[in-house]
Amino acid sequence: MIQLHNVCKSYQKDSAALEEINLKIPKGDFVYITGASGAGKSTLLKLLYCAEKPSRGQILIDGQNVTRMGLGRIPRLRRRLGIVFQDFKLLNRRTVFENVAFPLEVQGRKRYEVSKKVFHTLKMVGLEHKLQRHPLELSGGEQQRVAVARALVIDPVVLIADEPTGNLDPEVALEIMELFKGANARGSTVLLATHDREMIRRIPRRVITLDQGRLVDDRAPYDTVPGEEEAERWEL
Ligand SMILES: Nc1ncnc2c1ncn2[C@@H]1O[C@H](COP(=O)(O)OP(=O)(O)OP(=O)(O)O)[C@@H](O)[C@H]1O
């Protein structure tokens, strides 16, 4: 369970990136976080994986108050999270295999287990033939799939993805979404920031909408998705 109580985040004095966010995400939920550019989606995700601290409020992940967590304990929390960053953050000097193996090595997994899991996950994302390549030798979409594989390989408690289908053509985007659905079915809570209204329509899940740092809408999966009249507010 993830809980946010009155969470505010300001990067600068008189402008708030997030204001008074109250939110409960049960274990195993699949949630889209959406809203116009600058609405605060990435900031919300960054607070969850402790890349940023809230200016006010409390954040609990599995009962742990991450706002009070000392710097030393953050890596232990992160080891249980799968994160797909907006800019991928791949290690360019390492191969695809080594990038995906990295989080398992950090967890101290045995070598044969690392190899088995990495092969399996790269096969899932359709990159088993590129495992000795380096990220910069891959297309943007392939790099994105490496980032997704690296997040999925640990069977994360929470999978956090910031625009994971942003640069992909619709078919590949759907394949990636299938991988997220699979992770969710295996027990991962999934939080996915996206602008992609078509994806939300095709794969309906809970949708949280941010607007200028405020949570303005929280819909269950089969409520009607926002209509055209709301598109303007989303600036899509
Ligand atoms: N490091 C930072 N320093 C100062 N302001 C920031 C920083 N990061 C984000 N902001 C500001 O906080 C607000 C929310 O930004 P955020 O990146 O969370 O939005 P977003 O919804 O993820 O946007 P996008 O869809 O374009 O990625 C914006 O006004 C942005 O300019």
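A residue counts as buried here if 20 or more other C-beta atoms lie within 10 Å of its own. Keep that cut-off in mind as you look around this predicted model: by it, buried residues make up 37% of the 236 residues in the chain.

**Start with the whole chain.** Show the cartoon and you will find eight helices and ten strands. Along the principal axes, the C-alpha atoms fill a box of roughly 50 × 40 × 30 Å. The radius of gyration is 18 Å, and this agrees with a compact globule because one of 236 residues would come out near 18 Å. If you switch on contacts with a separation of 6 or more, 66% of them join residues 24 or more positions apart.

**Next, select residues 170-185.** This is helix α6, with 16 residues. From its first C-alpha to its last it reaches 22 Å, close to the 22 Å expected at 1.5 Å a residue. Now show the side chains of Ala-173, Ile-176, Met-177, Leu-179, Phe-180 and Ala-183, the buried residues of α6. They cover an arc of only 150 degrees around the axis, so they sit on the same side of α6.

What lies against that buried set? Colour α4 (111-124), α5 (140-152), β7 (158-162), β8 (189-193) and α7 (197-202), and you have the elements that the buried residues of α6 pack against. Then turn the helix around: on the other side of α6, the exposed residues are Pro-170, Glu-171, Glu-178, Gly-182 and Ala-185. Before leaving, step just past the end of α6 to Gly-187, where phi is positive, about 120 degrees.

**Now go back along the chain to residues 96-106.** Here is helix α3, whose buried residues are Val-96, Phe-97, Asn-99, Val-100, Ala-101, Pro-103 and Leu-104. Keep α4 and α5 coloured, since you will meet them again: both are among what covers the buried residues of α3. After α3 comes Gly-108, which also deserves a click for its positive phi, near 80 degrees.

**Finish at residues 206-219.** Strand β9 (residues 206-211) and strand β10 (residues 214-219) pair in the antiparallel sense over five bridges. To see one bridge pair, pick Ile-208 and look across to Asp-218 in β10. Which residue of this hairpin takes a positive phi? Select the two residues between the strands and check Gln-212: its phi is near 45 degrees. As you look along the pair, remember that in a regular strand the side chains alternate between the two faces of the sheet.

Definitions and conventions:
Residues numbered from 1 in each chain as written. Predicted model: local features only at pLDDT ≥ 70, side-chain atom pairs only at ≥ 80, totals over all residues. Helix = DSSP H or I, 4+ residues; strand = E, 2+ residues; numbered from the N terminus. Rg over C-alpha atoms; globule rule 2.2 N^0.38 Å. Buried ≥ 20, exposed ≤ 12 C-beta atoms within 10 Å, placed from the backbone. Contact = placed C-beta atoms within 7 Å. Expected span 1.5 Å × (residues − 1). Arc of directions from axis to C-beta. Pairing = 2+ DSSP bridges.
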